[in-house]
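User: I have a structure open and would like to go through it in short steps. Can we take it question by question?

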Amino acid sequence: MSSEIELQIAPIVQESLMHNSRTFQNLQSLTASLFGVSAGILGLESYSGFLFYIIFSLLTSVLFYIIRVAPTSISSGKKPLDTSRYFLGAVDFWTGGLMNGLAGFILTWTLFYGLVSA
Amino acid sequence: MTFISKAITAVGGILLAHACYSAQEHSALQSFRATSGAALTSAPTTAVSLPLDIVLETIVSTFIILLGLVLVTRPLRPIQWREWAGKIEREGEEGFKDSNGEVNKDYIGNPFAIFESRPNFVDIRKQRKEFAQWVKKEGGQKAQ
């Protein structure tokens with residue numbers, strides 16, 4: 001109920017929301033396959049490969065925040081690491097990419113592992 | 001900006017391809033040693049992990065490509081209605097350009113523009129004054 005009132009007071013532009021999340025998802029799926037390539041080249045196996053993916057995926061979020069979100073968000077009076085100017089959920093922004101690109105990551109990881117070590 | 005980010009991505013791609021080729025050569029060399037070294041028995045044929053320079057090159061090139069890909073993303077738009085509308089009012093089409101300098105296809109502009117151009121709100125006296133000035137100016141140029 002309270003969130004409905006909030007949405008009435010401060011309405012949200014659906015087109016902008018979709019544009020932002022599509023931009024971010026495109027980046028995540030692209031970079032996830034890139035991380036798969038490098039994990040395959042490094043010859044990582046099991047947990048270390050997934051750790052590699054998690055670290056680089058979080059790094060993607062941080063870089064995206066620094067380059068695209070932070071300059072206008074902080075100048076408009078938001079606190080650092082606050083993404084509410086462009087995205088609805090903060091947790092979704094920082095960790096949503098993990099599930100988003102996992103399939104692409106595993107695909108290119110196994111492919112390049114096979115190519116390099118065969 | 002778009003040229004710089006594409007150049008960064010291309011440099012990272014070349015580095016990554018080089019690292020991939022090096023790693024492939026390394027593993028081929030390892031398997032060659034394993035087969036030929038068994039006959040010689042001079043050197044121990046333990047499997048050597050990837051050399052440090054290839055590891056570093058892979059990680060650095062991944063980071064460079066990542067930087068290029070983040071730089072090439074399109075600018076975001078504010079989701080709060082008041083910030084978004086303020087941006088439209090202040091910047092107009094300038095604020096909704098992609099990295100190539102073209103206005104986005106789904107840019108709709110001020111959603112209330114139709115209200116502001118209603119016939120009831122046209123300032124007819126101002127338009128008449130402007131028209132009179134225009135006639136005077138054009139007539140003056142003709143006379144010269």
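User: In which helix is the place of S46(A)?
Analyst: Bear in mind that this is a predicted model. S46(A) has a positive phi of about 45°, although it is not a glycine. Its place is in chain A, in helix α3.

User: Is S46(A) buried or exposed?
Analyst: Count the other C-beta atoms within 10 Å of its own; 12 or fewer makes a residue exposed. S46(A) has 7 of them, so S46(A) is exposed.

User: Which residue with a positive phi follows α2(A)?
Analyst: Take the helix before it. The 29 residues of α2(A) should span 42 Å at 1.5 Å a residue, and the end C-alpha atoms are 42 Å apart, so the two values agree. After this helix comes a residue with a phi near 70°: G43(A).

User: Which residues does Y113(A) contact, leaving aside its neighbours within four places in sequence?
Analyst: Y113(A) lies in helix α5 of chain A. Its C-alpha atom is 7.7 Å from that of A39(A), although the two residues are 74 apart along the chain. Its contacts, with those neighbours left aside, are G40(A) and G43(A).

User: Is Y113(A) exposed, partly exposed or buried?
Analyst: The buried class starts at 20 other C-beta atoms within 10 Å, and the exposed class ends at 12. Y113(A) has 19, so it falls in between and is partly exposed.

User: Which two residues touch the most other members of the largest nonpolar core?
Analyst: This core has 33 residues. At least two residues each come from α2 (14-42), α3 (46-75) and α5 (102-117) of chain A, and from α1 (2-40) and α2 (52-71) of chain B. The largest share, nine residues, is from α2(A). The two members that touch the most others are F35(A) and I41(A).

User: Which residue of chain B does F35(A) touch?
Analyst: Leave out residues up to four places away in sequence. In chain A, F35(A) then touches F52(A), Y53(A), F56(A) and F105(A). In chain B, F35(A) touches T62(B).

User: What pattern does chain B follow along its sequence?
Analyst: Chain B has five helices and zero strands. Of its 144 residues, 15% are buried. Among contacts in chain B with a separation of 6 or more, 69% join residues 24 or more positions apart. Read along the sequence, the pattern is α-α-α-α-α.

User: How far does α2(B) reach from its first C-alpha to its last?
Analyst: This helix has 20 residues. Its buried residues include I54(B), T62(B), L66(B) and V70(B). At 1.5 Å a residue, 28 Å is expected, and the model comes close to that, at 29 Å.

User: Which helix gives the most to the side of chain B that touches chain A?
Analyst: The contact takes 29 residues from chain B and 32 from chain A. On the chain B side, α1, α2 and α3 (81-91) each supply at least two residues. By class, that side has 19 nonpolar, six polar and four charged residues. The most, 10 residues, comes from α2(B).

User: Which residues of chain B does UniProt annotate as "transmembrane region"?
Analyst: The record is an unreviewed entry. In the model, the annotated span is 95% helix and 0% strand, with its end C-alpha atoms 27 Å apart. The annotation covers residues 54-72.

User: Which residues of chain A does UniProt list under that name?
Analyst: This too comes from an unreviewed entry. In the model, residues 27-44 are 89% helix, with end C-alpha atoms 23 Å apart. Residues 91-116 are 96% helix, and their ends lie 36 Å apart. The full list in UniProt is 27-44, 50-70 and 91-116.

User: In which element of chain B is confidence highest?
Analyst: Chain B averages a pLDDT of 81, and 81% of its residues score at least 70. Helix α4 (residues 113-116) of chain B is lowest, at a mean of 76. The highest mean, 91, belongs to α2(B).

User: What ipTM does the predictor give the complex?
Analyst: Chain A averages a pLDDT of 85, and 97% of its residues score at least 70. For the complex, the pTM is 0.77 and the ipTM is 0.86.

How values were computed:
Residues are numbered from 1 along each chain as its sequence is written. Chains are lettered from A and ligands numbered from 1 in the order in which they are written. This is a predicted model: local features need pLDDT of at least 70, side-chain atom pairs count only at pLDDT 80 or more; totals for chains, interfaces and linings use all residues. Helices (H or I, at least four residues) and strands (E, at least two) are DSSP runs, numbered from the N terminus. Two residues are in contact if their C-beta atoms, placed from the backbone, lie within 7 Å. A nonpolar core is a set of buried Ala, Val, Leu, Ile, Met, Phe, Trp, Tyr and Cys residues joined through C-beta atoms within 7 Å. The expected span of a helix is 1.5 Å times one less than its number of residues. Ala, Val, Leu, Ile, Met, Phe, Trp, Tyr, Cys and Pro count as nonpolar, Asp, Glu, Lys and Arg as charged, and the others, Gly among them, as polar. pLDDT is the predictor's confidence in each residue, from 0 to 100. UniProt positions are given in the numbering used here, feature names are shortened, and annotations may be inferred rather than shown by experiment.
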